[in-house]
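Please open the structure in your viewer and keep the selection panel at hand. This tour proceeds stop by stop, stating what to select and what is found there.

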Amino acid sequence: MFHVLTLTYLQPLEVIDKTRPEHLAWLQQEVEDGTVLLAGRLQDQSGSVLITADISADEAENLMAADPYQQAGLVRYERIGFNGAFRAPGL
């Protein structure tokens, strides 16, 4: 199961950005590990989106819980799982 994880910032960007280095280090490791395929801030800067690899719902929940933003209480996560039946080559 693939997952779309949406983060909504609960604090102003100047507060969010204080934890950003830790969040980006965590995110880079998840990308290197192959858990996260794609991630980035929303155009309006109100949150972010992460697209996971083919992982279980429990793994997705653990991923969200490990985010430094989540641990600091700075974001609200929402998860949508989908089967990824149609994929680009290599996914």
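How many bridges join S1 to S4? Eight bridges join these strands, which run antiparallel. Please keep in mind throughout that the model is predicted.

**First stop: the sheet**

Select the four strands, which form an open sheet in the order S2-S3-S1-S4 with antiparallel pairing. Strand S2 (36-41) and S4 stand at the edges, and each has a single partner strand, so one side of each is left without a neighbour in the sheet. On average, neighbouring strands of the sheet are turned by 15° against each other, direction ignored.

Now look at the pairs of strands. S1 and S4 run antiparallel, and within this pair phenylalanine 2 has phenylalanine 82 in S4 as its bridge partner. S1 is also joined to S3, by five bridges and again in the antiparallel sense. Select threonine 8 to find glycine 47 of S3 standing opposite; then select leucine 7, which stands opposite serine 48 in S3. S2 and S3 pair over five bridges, also antiparallel.

**Second stop: the hairpin**

Select glutamine 45, which lies in the loop between S2 and S3. The hairpin of these two strands has five residues between them. Is glutamine 45 buried, partly exposed or exposed? The residue is partly exposed, because its relative accessible area is 36%, a value between the limits of 20% and 50%. Its backbone also deserves attention: phi is near 65°, a positive value in a residue other than glycine. Most residues other than glycine have a negative phi.

**Third stop: the helices on the sheet**

Display helices H1 and H2 together with the strands. H1 lies across S1, S2, S3 and S4, and runs at about 165° to S2. H2 packs on the sheet as well, touching S1, S2, S3 and S4, and its direction makes about 160° with that of S4.

**Fourth stop: the nonpolar core**

Which residues have the most contacts inside the largest nonpolar core? Select Leu5, Leu7, Trp26, Leu50, Tyr69, Val75 and Tyr77; the core as a whole has 14 residues. The elements that give two or more residues to this core are strand S1 (2-9), helix H1 (13-32), helix H2 (57-66) and strand S4 (75-82).

Centre the view on leucine 50. Beyond its neighbours within four places in sequence, leucine 50 is in contact with ten residues' worth of surroundings that may be highlighted in turn: His3, Val4, Leu5, Leu7, Trp26, Leu27, Val36, Leu38, Ala39 and Tyr77.

**Fifth stop: an aromatic pair**

A search of the whole structure finds two aromatic pairs. One of them is formed by tyrosine 9 and tyrosine 69, which should now be selected. A pair of aromatic rings is described by the distance of the centres and the angle of the planes. Here the centres are 6.1 Å apart and the angle between the planes is 85°, an edge-to-face arrangement. Tyrosine 9 lies in strand S1 and tyrosine 69 in helix H3 (residues 68-71), so the pair ties together parts that are 60 residues apart in sequence. Tyrosine 9 is buried, with a relative accessible area of 10%, and tyrosine 69 also counts as buried, at 0%.

**Sixth stop: serine 48**

Keep tyrosine 9 visible and add serine 48, found in strand S3. The side chains of these two residues are joined by a polar contact of 3.0 Å. Is serine 48 buried or exposed? Serine 48 is buried, because its relative accessible area is 5%, which is under the limit of 20%. Not counting residues up to four places away in sequence, serine 48 touches Leu5, Thr6, Leu7, Tyr9, Gly40, Arg41 and Leu42.

**Last stop: threonine 52**

Follow strand S3 (residues 47-52) to threonine 52. This residue is the bridge partner of valine 36. Threonine 52 is buried, with a relative accessible area of 0%. To see its surroundings, select Phe2, His3, Leu5, Thr35, Val36, Leu37 and Leu63, with which threonine 52 is in contact when its neighbours within four places in sequence are left aside.

Methods:
Residues numbered from 1 in each chain as written. Predicted model: local features only at pLDDT ≥ 70, side-chain atom pairs only at ≥ 80, totals over all residues. Heavy atoms only, no water. Buried < 20%, exposed > 50% of the residue type's maximum accessible area, 1.4 Å probe, protein only. Contact = heavy atoms within 4.5 Å. Core = buried A, V, L, I, M, F, W, Y, C linked by side-chain atoms within 4.5 Å. Phe/Tyr/Trp six-rings, centres within 6.5 Å; stacked < 30°, edge-to-face > 60°. Pairing = 2+ DSSP bridges. Axes fitted to C-alpha atoms, helices over the stretch in contact; angles between N-to-C directions. Polar contact = N/O pair within 3.5 Å; in protein donor to acceptor, adjacent residues only side chain to side chain.
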